[in-house]
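Me: Could you take a close look at one spot in this model for me? Once that's done, keep going and tell me how the rest of the picture fits around it.

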Amino acid sequence: MATMESLIGLVNRIQRACTVLGDHGGDHGALPTLWEALPSVVVVGGQSSGKSSVLESIVGRDFLPRGSGIVTRRPLVLQLQKTESGLQEYAEFLHLPKKRFTDFSMVRNEIQDETDRLTGKSKQISPVPIHLSIYSPNVVNLTLIDLPGLTKVAVEGQPESIVRDIEIMVRSYVEKPNCIILAITPANQDIATSDSIKLAREVDPSGERTFGVLTKLDLMDKGTNAIDVLEGRSYRLQHPWVGIVNRSQADINKNVDMIFARRKEREFFATSPDYGHLAGKMGSEYLAKLLSKHLESVIRARIPDITSLINKTIDELEAELNHLGRPVAADAGAQLYTILELCRAFDRIFKEHLEGGRPGGARIYGIFDNQLPAALRKLPFDRHLSLQNVKKVVSEADGYQPHLIAPEQGYRRLIDGALNYFRGPAEASVDAVHYILKDLVRKSIGETQELKRFPTLQVEIRAAAGEALERFREDGKKTTLRLVDMESSYLTVDFFRRLPQEAEKGGNQAANAADRYTEGHYRRIGSNVSSYVGMVSETLRNTIPKAVVHCQVREAKRSLLDHFYTQVGKKEANQLAQLLDEDPAQMERRQQCTRRLELYKSARDEIDSVSWSR
């Protein structure tokens, strides 16, 4: 049978671990955090209602700041852990994890100092909690959250919004379904005006989560008592009301210890004519046991839901760890294998871009289908083959001896000049594809999830791929320009053979000879050259893309990182380790996930063991 101490102690341990790992508050994916799923007791009351005294009575130690007005200005998450009898009591703060406080007056000072560190010496408040754990054989296992006292007006030094700010802060805790509300009300105040009861009724109208606590019973006017409240006639709750007698200010000033104060409290109820019949169900010790027992029943009822949340979170964390990747091995062989696997993962995504599995390849087709034809159409052939230029080139080619039939040298010079214009679009096509390939390398590196944790390796792969693409670009330019040069080096013979035939069709040779230097003659030359250049343009429109794909795209698919593979294989172990130097943020994220995963698995195992022992 799982004991009450084991169940609540388990919850406390899990909550403390969640706190250390920062896994408290907010959402984890679509799920509440484990902290939010576990029940805790929230202490709510107006200013000077005795909240601090109730907490100190439960703990049995004088450790909270005191004073007039608003004293509690930040939430205090107080985790009580029962230890074996005879062990020394001590306290630990989350923000000072390696420091143990055995002097509880120093705990009070640290709470005050930590509050001032965030809010200054003013009377401002902050929703950022202070986490304090107290280990003692004189406490029961509980998690208590002390909040700033509810108030109705702002006093000097406080912003006008403080009344609303405090209420919003308190509501953010008490509205959670796993919150147990400890509503503190002074007995010398009409229960109908109790701020804590009013708020509890709004968020917990059925009273299932609310425990009512009456403080200052010893300060009521003579002849009056709080029996109607304590017996549930004035305001009924599903749980019994508990009366508390706090230390008086004189006791506090005299440093009366809690053991003596608890004894006086027991004597007050035992000897009171009004409350004697309720003495066994009154006092701070009874309240602590009542809350602990209720917590146990709540935890038992919530175990299935808590286990389900833990299992879902474990699945999420394992998926995230798989996404982040496992830690890198120290062995050089394993590191080399990891680097090659990462390169292959990048290469696979890069090929998907080229082959249509991801966007990118279509951009290269756009170069061949749109950019290259447009560039060819824009070449200045009209200016090169203008009547004036044709006449000039042909005349200069003839020299002192005029041509007889067809000005062959003039034709060659005009064609050579025209074909030279094709070099520009050829080089531009190579460059355009080069920049697309570079961009696809960048995108592929970014999309390779396994590489995200290794910024140094990303830089090396980008550099190696860039060097390879530069080589492919040079090959592409040499090949495409060679295609242009080939067209210039050998003109199609059939084209020249047709020229005399066409001249004969035009009439007798004497007439044609007379027309040799007329405007029509030069126009025919320009038209013939234009036809030939158009034929070459169509040829290059098809062959340039083939050369570019062969020299750049195909090689990028085949051997983008081949040289890098060779170089990596020659590296020493320390150089391989440098390549696998992880992004610190990624490493920290994995460590956090690992720690959280260990926490959740440990919590699951502990809860399973408790469940089986029920």
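Reply: S395 counts as partly exposed because its relative accessibility is 34%, and buried would need a value under 20%. Keep in mind that we're looking at a predicted model. S395 sits in helix α14, which covers residues 387-398. If you want a partner for it, try G410: that residue is 15 places away along the chain, and the two C-alpha atoms are 7.5 Å apart.

Now for another serine. S537 belongs to helix α20, and it is buried because its relative accessibility is 13%, which is under the 20% limit. Setting aside neighbours within four places in sequence, S537 touches L376 and F422.

That L376 contact leads to a helix pair. L376 is one of the α12 residues that meet α20, along with I364, F368, L372 and P373, while α20 brings S537, R541, I544, P545, V548, V549 and V553. Sort those residues by class and you get ten nonpolar, one polar and one charged. As for geometry, α12 runs over residues 361-377 and α20 over residues 519-559; their axes come within 11 Å and cross at roughly 145°. The crossing is right-handed.

Helix α20 also turns up next to α11. The buried residues of α11 pack against α12, α16 (423-447), α17 (455-489), α20, α21 (562-569) and α22 (573-579). Those buried residues are Q335, I339, L342, C343, A345, F346, D347, I349, F350, H353 and L354. Helix α11 itself takes in residues 332-355, 24 residues in total, and spans 34 Å from its first C-alpha to its last, close to the 34 Å expected at 1.5 Å a residue. Just past the end of α11 comes G356, with a positive phi of about 100°.

C343, from that buried set, is worth a second look. It is classed as buried because its relative accessibility is 0%, and C593 is buried too, with a relative accessible area of 0%. What about disulfides? A search of the whole structure turns up zero of them. For reference, a disulfide is a covalent bond between the sulfur atoms of two cysteines.

Moving to another part of the chain, A288 lies in helix α10, residues 284-324. Its relative accessibility is 6%, so A288 counts as buried. With neighbours within four places in sequence left out, A288 makes contact with I58, V140 and L142. L142 is 146 residues away from A288 along the chain, yet their C-alpha atoms are separated by 8.3 Å.

Zooming out, that pair goes with a chain-wide number: of the contacts between residues at least 6 apart in sequence, 80% join residues at least 24 apart. The chain has 614 residues, 48% of them buried, and its secondary structure comes to 23 helices and eleven strands.

Key:
Residues are numbered from 1 along each chain as its sequence is written. This is a predicted model: local features need pLDDT of at least 70, side-chain atom pairs count only at pLDDT 80 or more; totals for chains, interfaces and linings use all residues. Side-chain values use heavy atoms; hydrogens and water are left out. Axes are lines fitted to C-alpha atoms, for helices over the stretch in contact, and angles run from 0 to 180 degrees between N-to-C directions. Helices (H or I, at least four residues) and strands (E, at least two) are DSSP runs, numbered from the N terminus. A crossing is left-handed if the near helix is turned anticlockwise from the far one by less than a right angle, and right-handed if clockwise. Contact means heavy atoms within 4.5 Å. Ala, Val, Leu, Ile, Met, Phe, Trp, Tyr, Cys and Pro count as nonpolar, Asp, Glu, Lys and Arg as charged, and the others, Gly among them, as polar. A disulfide is a pair of cysteine sulfur atoms within 2.5 Å. Buried means under 20% relative accessible area, exposed over 50%, partly exposed in between (1.4 Å probe, protein chains only). The expected span of a helix is 1.5 Å times one less than its number of residues.
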